[in-house]
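Hi,

Here is the structure I said I would pass on. Have a look at it first, and then read my notes below.

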Amino acid sequence: MQVSSNLMLITSNTGETASFPCDLTQGATYIHLYKHEEGMAPRRLLYYDSYNSKAVLESGISGTKYHVYKGTGRSYTFTIVNLQASDSGIYYCAIWDKHVGSDFLYTALEILLVAANHSPDISSCFTSSPNFFLL
């Protein structure tokens, strides 16, 4: 399974809503949303259970902040509402068929590999793909 990885730079004002697509090349049970902030490990914000059409948020994540919408076919849209400066970062969608357990390390590696494929310098990949910069 793979995720289509179109790079996007989104610049928005505080209080606005930002959305970005996640297009799968094959069906998946779980679609995950990760956020990466400079100097920190990627953090999973939520996963979308496509079998039950339900977003499951990580502890401490507001249910009014992040939304997932199923589009046509294998297309999904992630939305972040009421943007704040703290929402700035790099966002990735990832797929794997479990939502807990030892697969996290594998998934983190997959995220890094996707990012590395878009940049010859791994350090610059964290400043060049789905970003939100707030004005």
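**What I found**

Strand 4 (residues 30–36) and strand 5 run antiparallel and are joined by six bridges. Before I go on, please keep in mind that this is a predicted model.

One of the facing pairs here is lysine 35 with arginine 43, the latter in strand 5. The two strands make a hairpin with six residues between them, and glycine 39 in that hairpin takes a positive phi near 85 degrees.

Strand 5 has a second neighbour: four bridges tie it to strand 6 (residues 54–57), again in an antiparallel arrangement. On that side aspartate 49 stands opposite lysine 54 of strand 6. This is a hairpin too, with four residues between the strands, and serine 53 in its turn has a positive phi of about 50 degrees.

So how enclosed is strand 5 (residues 43–49)? Six of its seven residues are buried, so the strand is largely enclosed by the rest of the structure.

Further along the chain, strand 7 and strand 8 also pair antiparallel, this time over five bridges. Lysine 70 has tyrosine 76, in strand 8, as its bridge partner. Strand 7 and strand 8 form a hairpin with four residues between them, and the turn holds glycine 73, with a positive phi of about 60 degrees.

**Charged pairs**

Side chains of opposite charge can pair when their charged atoms come close. How many salt bridges does the structure hold? There are three.

- Lysine 35, which you met above opposite arginine 43, has its side chain in a salt bridge with that of glutamate 37, at 4.0 Å from N to O. Lysine 35 counts as buried because its relative accessibility is 8%, under the 20% cut-off. Glutamate 37 is partly exposed, with a relative accessible area of 33%.
- Glutamate 58 and arginine 44 meet through their side chains at 2.6 Å, N to O. This pair links distant parts of the chain: glutamate 58 is in the loop between strand 6 and strand 7 (66–70), arginine 44 is in strand 5, and they are 14 residues apart. Glutamate 58 is partly exposed at 26% relative accessible area, while arginine 44 counts as buried at 13%.
- Lysine 65 forms a salt bridge with aspartate 87, and their closest N and O atoms are 2.6 Å apart. Here too the pair links distant parts of the chain, 22 residues apart: lysine 65 sits in the loop between strand 6 and strand 7, and aspartate 87 in the loop between strand 8 (75–80) and strand 9 (89–95). Lysine 65 and aspartate 87 are both buried.

Arginine 44 has another partner to look at. Its side chain makes a polar contact with the side chain of histidine 32, at 3.1 Å. Histidine 32 lies in strand 4 and is buried, with a relative accessible area of 0%.

**The disulfide**

A disulfide is a covalent bond between the sulfur atoms of two cysteines. A search of the whole structure turns up one. Which cysteines form it? They are cysteine 22 and cysteine 93, with their sulfur atoms 2.1 Å apart. The pair links distant parts of the chain, since cysteine 22 belongs to strand 3 (residues 18–24) and cysteine 93 to strand 9, 71 residues apart.

Is the disulfide right-handed or left-handed? The torsion about the S-S bond is about 95 degrees, so the disulfide is right-handed. Cysteine 22 counts as buried at 0% relative accessibility, and cysteine 93 counts as buried at 16%.

**One more spot**

Take a look at serine 59 as well, which is found in the loop between strand 6 and strand 7. Is serine 59 buried or exposed? It counts as exposed, at 69% relative accessibility. Serine 59 and leucine 45 are 14 residues apart in sequence, and their C-alpha atoms are 8.5 Å apart in space.

If you want a place to start, try arginine 44: from there you can find both its salt bridge to glutamate 58 and its polar contact with histidine 32.

Cheers

Conventions
Residues are numbered from 1 along each chain as its sequence is written. This is a predicted model: local features need pLDDT of at least 70, side-chain atom pairs count only at pLDDT 80 or more; totals for chains, interfaces and linings use all residues. Side-chain values use heavy atoms; hydrogens and water are left out. Buried means under 20% relative accessible area, exposed over 50%, partly exposed in between (1.4 Å probe, protein chains only). Two strands pair if DSSP finds at least two bridges between them. A disulfide is a pair of cysteine sulfur atoms within 2.5 Å. A polar contact is a pair of N or O atoms within 3.5 Å; within protein, one must be able to donate a hydrogen and the other to accept it, and residues adjacent in sequence count only if both atoms are side-chain atoms.
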